[in-house]
Amino acid sequence: MADAKKDYYARQFARMLRVPTVTGADKSVFDELHDVMWDIAPDFAKLPRFYPRNNSMIIKWEGKNHDRPLVLMAHQDVVPEEDEKGWKYPPYGGVIAEDKIWGRGAVDCKCMVFGSMVAADELIKEGFVPEQDIYFCYGDDEENSGGSAIAEAKYLSETLNVKPVLVLDEGGGMTSKKPFEKYLVSNVGVIGVQEKGFADVRFIARSKGGHSSAPPKNTPFIRLAKFMLYMEKHNVFDVQVLPILKEMFIDVSKAVKPSLRPIVRNAYRIMPLASKILPAQLTAQLKAFLSTTMVFTMAEGSHASNNIPDAAWVLANIRYSPQEGKEKTLKKLEKIASKYKIEIEVLNSRDASPVADTKSEGYKYTVDTINKTYGDTVLAPYLIAGGTDCRYMQAICKTALRFTPFLVTLEEMGACHGYNERIGVDALAEGVVFYKNFISDFR
Ligand SMILES: [Zn+2]
């Protein structure tokens, strides 16, 4: 692709990054983003649009046939920028520098809104008509686990009577073999096919309260501390290598040098052991793959420094593994907490999502299109520890996949919810090509 075209994409995309559509922002902010979008893609803007909830949108591009609808998802909202001083370039500056476009939402995930929208717009201009109906679903509250994707799925199935055969949303990613030529023989990527469950649980320790001048033993915070220490020291959750993780290692092994293949292919066999002996950061990742995880994130006690709280609490964020869901996990926690005279209150809780069908035509099609666009790329299914809008589409589609189709470096991936989020000018342009392929080859 000519540099002029890549630069054009970068400049247009930068305009989208200048609109601070932080989750929950005023409607006027989202309206501003929409104005920019329709200006970038005027022909796409002429397609019929539906608004299932607040600023979320479904855009319908009618195809020649209607029996195998395709859904392309992405979200318009972004997480807050945190401390602006941490950024090399302003988070909403839309600065193009060092061959990158910088700003909150560059990777997560305005690039997917831009890529799908611009691809469609260009194809419309070329006179192309898709073989099947295509729906673009752009939510507005993904970062808040909000309801827009629920509303979109409901609107699609109940109002528009659509049963998608394939859904593509953000999630997994890929890396080029270039920086890892010592190990890799091809690019390698992962496609998210299942999400872990999620819960916020409050642990409450009560007492008679009282003045701090003559304190008794075992006050609420001490009991909570003992409980938290117990949870930190013991592996109370079941450890299991799921079939999709075995599949992941077998598939990924095809991307590494032949001499390394047996090691990677069999890595899952030693995973439970490895999770005990590896460095802390890696262990945390592995554990997240193998079992339910739980971390304490909030706490509250008395409102005065000289009052012993009559109730203190800590809150834990839990990610249920598919093998140990909410019922079993909560029972286990209740039992342990009761030993410290702690009650539990479940604020919200959901089990792991179903597993998308990796044997389906849609999965194969996605793999093929990634290969067509990016060259030799080995793709493997994997389990996502975070949440995406995609899980709501699983209610109406058995092949709802999570894959961000842009060549993003590991460092750029890590900047997603942190400082200096950015995407390469080349990567953005290649992403548009991916979407053009994905739309035009779909039957
Ligand atoms: Zn996202």
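**Two stops: a helix pair and a sheet**

Helices H11 and H14 are oblique to each other, because a crossing of roughly 135 degrees falls outside the ranges counted as roughly parallel, roughly antiparallel or roughly perpendicular. The model is a predicted one.

To see this pair, select residues 361-374 for H11 and residues 425-440 for H14. The two axes come within 9 Å, and H11 passes H14 in a right-handed crossing.

Next, show the side chains where the helices meet. On the H11 side, pick Thr 369, Lys 372 and Thr 373. On the H14 side, pick Glu 430, Val 433, Phe 434, Asn 437 and Phe 438. Sorted by class, this contact has 3 nonpolar, 3 polar and 2 charged residues.

Now move to the sheet. It is open and built from 4 strands, in the order E10-E11-E9-E12, with antiparallel pairing. Select 293-300 for E10 and 342-350 for E12: these strands stand at the edges. Each has a single partner strand, so one side of each is left without a neighbour in the sheet. From one strand to the next, the twist averages 20 degrees.

For the pairing of E9 with E11, select residues 198-206 and residues 311-319. These two strands run in the antiparallel sense and are joined over 8 bridges. One place to look is Arg 206, which stands opposite Ala 311 in E11.

Last, add helix H10, residues 326-338. H10 packs on the sheet and touches E9, E11 and E12. Set against E12, the direction of H10 makes an angle of about 165 degrees.

Technical notes: Residues are numbered from 1 along each chain as its sequence is written. This is a predicted model: local features need pLDDT of at least 70, side-chain atom pairs count only at pLDDT 80 or more; totals for chains, interfaces and linings use all residues. Axes are lines fitted to C-alpha atoms, for helices over the stretch in contact, and angles run from 0 to 180 degrees between N-to-C directions. Angles under 35 degrees count as roughly parallel, over 145 as roughly antiparallel, 65 to 115 as roughly perpendicular and the rest as oblique. A crossing is left-handed if the near helix is turned anticlockwise from the far one by less than a right angle, and right-handed if clockwise. Two residues are in contact if their C-beta atoms, placed from the backbone, lie within 7 Å. Ala, Val, Leu, Ile, Met, Phe, Trp, Tyr, Cys and Pro count as nonpolar, Asp, Glu, Lys and Arg as charged, and the others, Gly among them, as polar. Two strands pair if DSSP finds at least two bridges between them.
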